[in-house]
Amino acid sequence: MSKEAEYWTAPTDSADHPGRLIMVTGRRNVDKFITNPRFKFRIAVIWPYDGDGTGMPDRATSELMEQVQEAFEKEFKRDPVAVLTGIYTGDNRRDWVFYTTSLHIFQRKLNELLASFPLLPLQFEAEEDPGWEEYTAMKEATEITEEE
């Protein structure tokens, strides 16, 4: 992950399959995006995969996911129309959660940065979330502070 962005990672249980682990990685220091009313759209980029017995991706899939993530981070650092705020991995899927200023621009950027990869089994969910409710809930449920 990016050296400039700070993240935390914590395990949680799958809501759909209790007992299955989901690794949640959240981004800290996003206040400048939260307070900017233009970052009101939340987009989940979802990669379903055939996981191992614990629901985690195999090594080859995991390595390809990391390459895709690096492409996300590089592009949105260069042109900050979106910010990656959360990554959920487990229970046979990875979700990258972004907040963006424009669904149209995000889609165009995503198509451009994914053009160099093989066809990926990605799914998308998008909705307005001007209050950053999903991010706040993820942070409250999983962030481990230094005091703990």
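Which residues do ring pairs link into a cluster? The legends below take up that question first and then move on to other close-ups of this predicted model.

**View 1. Ring pairs build an aromatic cluster.** Here you can follow Trp47, Phe72, Phe76, Trp96, Phe98 and Phe106, which are joined into a cluster by ring pairs. Across the structure, 9 aromatic pairs are found.

**View 2. Tyr99 stacks on Trp132.** The two rings sit 3.8 Å apart, centre to centre, with 5° between their planes. Tyr99 belongs to strand β5, while Trp132 is in the loop between β6 and α4, so have a look at how this pair links distant parts of the chain, 33 residues apart. Both Tyr99 and Trp132 are buried.

**View 3. Trp132 also meets Tyr135, edge-to-face.** In this pair the ring centres are 5.8 Å apart and the planes form an angle of 80°. Trp132 has a relative accessible area of 0% and is therefore buried. Tyr135 counts as buried too, because its relative accessibility is 3%, and the cut-off for buried is under 20%.

**View 4. A salt bridge joins Arg42 and Asp129.** The N to O distance between these side chains is 3.2 Å. Arg42 lies in strand β3 (residues 41–48), and Asp129 lies in the loop between β6 (123–128) and α4 (133–142); the pair links distant parts of the chain, 87 residues apart. Both Arg42 and Asp129 are buried.

**View 5. Glu66 pairs with Arg94 in a salt bridge.** Their closest N and O atoms are 3.4 Å apart. Glu66 comes from helix α2 (residues 59–78) and Arg94 from strand β5 (residues 93–100), distant parts of the chain that are 28 residues apart. Are the two partners buried or exposed? Glu66 counts as partly exposed because its relative accessibility is 30%, whereas Arg94, at 6%, counts as buried.

**View 6. Glu112 and Arg108 form a salt bridge within helix α3.** The side chains come to 3.5 Å, N to O. Both residues lie in helix α3 (residues 103–114), 4 residues apart, or about one turn of the helix. Glu112 is partly exposed, with a relative accessible area of 46%, and Arg108 is partly exposed as well, at 39%.

**View 7. Four charged side chains share a network.** Salt bridges link Glu75, Arg78, Asp79 and Lys109 into a network. Over the whole structure, a search finds 10 salt bridges. As a reminder, side chains of opposite charge can pair when their charged atoms come close.

Methods. Residues numbered from 1 in each chain as written. Predicted model: local features only at pLDDT ≥ 70, side-chain atom pairs only at ≥ 80, totals over all residues. Heavy atoms only, no water. Helix = DSSP H or I, 4+ residues; strand = E, 2+ residues; numbered from the N terminus. Buried < 20%, exposed > 50% of the residue type's maximum accessible area, 1.4 Å probe, protein only. Phe/Tyr/Trp six-rings, centres within 6.5 Å; stacked < 30°, edge-to-face > 60°.
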